[in-house]
Amino acid sequence: MKILLIATIVWLCCAVNATSQTVTTLKGKVIDATSERVLKGVTVKIKDTSIFTKTNFKGEFSIENIPKKNIVLQLIFKGFETQNIPINVNAVEDKIYNIGVVFLYKAIFEPQETIAISLSDDDLLDDGERSSEYIAGLFQSSKDNYLKAAAYNFSQTWFKVRGYDSSYGTILINGIEMNKLYDGRPQWSNWGGLNDAFRNQEFTNGIAASSITFGGILGTTNFSTRASDYQKVSKISLSSTNKSYTSRLMATYATGLTKNNWAFVVSTSRRIANEGYFEGTSYNAWATFLAVEKKLNSKHSLNLTAFVAPNRRGKSSPNTQEVYDLKGYRYNSYWGNQEGDSRNSRIKEIVEPVLMLSHYYTTKNSLLKTTLSYQFGHIGNSRLGYFNAPNPDPTYWKKLPSSYLRYNDNLDYANAYLAEQEFLNNGQLNWDELYEINTIQGNSLYYLYEDRVDDVQVTFNTTYNTIITNNINLNVGLTYKNLTSNNYANMLDLLGGDGFVDLDQYAEGDAQQNDLNNPNKIVSVNEKFQYNYKVNASIASFFAQLQINKRKLDYFVGVNLKNTSYQREGLYQNGTYSNNSFGKSEKQFFLDFSIKGGITYKFTGRHLLTVNGAYISTAPTIKTTFSNSRVNNNIVPDLFSEKITTGDLSYILRLPKVQTRLTAYYTKFNDAIETSFFFAEGLLGSQADFVNEIMTGVAKKNIGAELSFEYQVTPEIKLLLAGSFGQFTYDNNPKLYIQSESFTDEDSNFGTSYLKNYRISGTPQRAYSLGFEYRDPSFWWFQVNANLLSNNYLDISPLLRTNNFYTDSDGIPFVDDETGVQVTQEQVNSLLNQEKFDAAFLVNIVGGKSWLVNHNYVGFFLSVNNVLGELFKTGGFEQSRNANYPELKQDKQLDKPIFGPKYWYGNNTSYYLNLYMRF
């Protein structure tokens, strides 16, 4: 590692022309983008320094004695959006550098109140910052029209940029990575509702260079909560919407840097809904944020950050098409009425406070940032449990009309009609019935519990950015993270019963005992049961990066070394896995090396060509390391780090009226792991069980192109175009394992799952947007976007694509009941054809207006999504219950398949209205 890093530095230093002259004067002109009039009195300063000036009556400015480093030129003028222009001073060869004309846009709406991104909580907003034209390379902190379209317009259909899962993007707060070690994904709800507090962010697209971390292939976003970076402001806003929540109140106060070198930021919000868009989905969330900074002297500063966002919300169910046809597309099977109030059995509760202490050390050419973070709290996901009793789910297949029309020789239309009427009239959870049964029985046959995770995580990060020579920047970072995760089932409500005997209803004899160390335990409310274990995890990583900037050429190379370890400690001795559940597992170690690099060639300041490439090795997550961590210490077979090879090529055009980017990309994933749990019938012929499915050695290939285009027709009118054309497929036939109480180690290997060339699900693979924006000088604006999203596919079942699907327990293919001969490959392929969803055409409208009243800003913002009320599927999955050819064929031949795919549908017309006052 050391040899490679030293060799890289030497090679790059030799390639650099270090004799460039130093810029001493920076000049430019500032103009109102709407009226094209010059602006007098605009504050022009070099960010994080005391160097500043103001524009004269001609709108011109001049700053001398520019520091020899990368700078951010900040233009501030009341009533206009602040502009941040990054300039690499060392890459400019002229002593007097004229950046030309800078356009300022009137602040006719709050940037943070633009449009809500529909990820999960409808509370993630883009910063809306604009970047002026400049010549010193690419500003990766700004998002172009394509990325904004992906966040605002495409997200309604669960669109994923380049088909990448969110775990491939790195989310940081003050340099602390917030991606969870359990599955690699960020828990956005940890800071949900704190939009104002998390408005300062630095974004790096894809694998481009980031000065903060090595990052992932989806890019890097670092939120800065340094109190002195917030402008002095007092703000209050009130929102109304018909999405996850129905109303929000938010207030923010920031002092800016005071005369005694203190800075304070306080923000709080409340979001609530008795019922969100889907039936029975309540929402109850608070959020509080505090940042305090003390500038000790010109070089040292300390910043304390604390925030918590308690969130409790009801979930909604995926359903078969039969259920949607009967009950409508807002139907949710997880709730029912209890004493006149709706009660959801699936509640997700998140309370994970975060404390951060940051130190900043700044010199003329260097910046050292160090942060220590402490996060604790819990995540709970509730659900109904039952023991030796009928399934309480109102959509359980035996309760639906289709169950009485299953066999052609025994069509029971009378009971099918009665079942239909019962479902139409009473198709929700019957809480009163569950209480009544438990009261009669004494012990609880039905109960409400939560899968609980109590995490304590300590993270240390330090990054050092320095200028080695006039045009070489070095970025170095070190991170250590330690996690202790307690996982258990927690009894929430016995539903009128006296207690619950902690047994596994699917096992027999001693195997029924969930904890042999405490057999036949009677469980009370707020007691642990069913499973109980800890996971101890730690990560130590180091990254280094060199960025070289010349007049015509910018290039960088970065390396990352990461050591990861996991260990499970079982606190229960499970009856089924009595020899491999209690105590500590074997510790798992992963050492990963990654490297990336890129080149930007500047034909002129307006025409640029970029090439980026990377090889990334990523350790498995906790979720994909242990095959079934709730009940045993087993490690996933064939466990390796995932390897990713990726590259992209972009052409960027930046004219005064035209901004465009065209990108082609290629990404290959190798040695990925996928896991899932479900109930299946038809295993090894006729067996049935609740199983854990594990796929190892999975290869995927994502290729495609992106287009971003903006044309400023007039100062008021802008045309917007964005497009994504992708193809995301499985690229091999991985191994598949099934683990359960019924399968021994010898039986668990189900061989090959034939997935090659099947499409990856979970996102439209093609998306196009055409938009029109109008900004009036009278402080009002609107934007209309028409969006077409297509090539979204159903998630396939890997188990159905193994030899188990068409061979009986004797290994011989099944005989087709219609032809009387053995099943052919053509018949199998026809039955397993992957469903492609219909394309979605969505029209979105957004607009706003603001007024200046007694030196205070008052305004509103309104967005309406899916104006035409388009009905569209956002996702879905094949059920694996019919795990062999005869059973699946019989089910698919029904008018309404009993175990057909389950779908999620997108929202009908939805709105988001925000009223704000800034003073």
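What follows is a chat about strands, a hairpin and a charged patch in a predicted model.

Biologist: Let's start with the four-stranded open sheet: which strands sit at its edges?

Modeller: The sheet runs in the order 11-10-13-12, with mixed pairing. An edge strand pairs on one side only. That gives strand 11 (176-177) and strand 12 (201-205).

Biologist: And how does strand 12 run relative to strand 13, parallel or antiparallel?

Modeller: Five bridges join strand 12 to strand 13, which covers residues 219-223. Glu202 stands opposite Asn222 of strand 13. The two strands run antiparallel.

Biologist: Moving on to strand 16, which of its side chains point to the buried face?

Modeller: Strand 16 spans residues 262-273, and its side chains alternate. Trp262, Phe264, Val266, Thr268, Arg270 and Ile272 point to one face and are not buried. The buried ones, on the other face, are Ala263, Val265, Ser267, Ser269, Arg271 and Ala273.

Biologist: Which residue stands opposite Val265?

Modeller: Look to strand 15 (residues 247-254), which pairs with strand 16 in the antiparallel sense over eight bridges. Val265 is on the buried face of strand 16. Standing opposite Val265 is Ala254.

Biologist: What about Arg271, which residue is its bridge partner in strand 17?

Modeller: Strand 17 takes in residues 283-295 and pairs with strand 16 in the antiparallel sense, over twelve bridges. Arg271 is another of the buried side chains of strand 16. Its bridge partner in strand 17 is Ala285.

Biologist: Now the hairpin of strands 21 and 22: what is the phi of Glu339 in the turn?

Modeller: Strand 21 (335-338) and strand 22 (341-344) have Glu339 in the loop between them. Four bridges join these antiparallel strands, and Asn337 has Ser342 as its bridge partner. The hairpin has two residues between its strands, and Glu339 has a positive phi of about 55°.

Biologist: Is Glu339 buried or exposed there?

Modeller: Exposed means over 50% relative accessible area. Glu339 clears that cut-off, so it counts as exposed, with a relative accessible area of 74%.

Biologist: Glu339 is also part of a negative surface patch, so which helix gives the most to that patch?

Modeller: The patch is formed by Glu339, Asp341, Asp432, Glu433 and Glu436. Glu339 comes from the loop between strand 21 and strand 22. Three residues come from one helix, residues 431-441, and that top contributor is helix 5.

Conventions. Residues are numbered from 1 along each chain as its sequence is written. This is a predicted model: local features need pLDDT of at least 70, side-chain atom pairs count only at pLDDT 80 or more; totals for chains, interfaces and linings use all residues. Side-chain values use heavy atoms; hydrogens and water are left out. Two strands pair if DSSP finds at least two bridges between them. Patches are made of residues with over 30% relative accessible area and no salt bridge: like charges are joined within 9 Å, nonpolar side chains (Val, Leu, Ile, Met, Phe, Trp, Tyr) within 5 Å. Accessible areas come from the Shrake-Rupley method with a 1.4 Å probe; for residues, only the protein chains shown count as cover. A salt bridge is a side-chain nitrogen of Lys or Arg within 4 Å of a carboxyl oxygen of Asp or Glu. Lys and Arg count as positive and Asp and Glu as negative; His and the chain ends are not counted. The place of a charge is taken as NZ of Lys, CZ of Arg, CG of Asp or CD of Glu. Buried means under 20% relative accessible area, exposed over 50%, partly exposed in between (1.4 Å probe, protein chains only).
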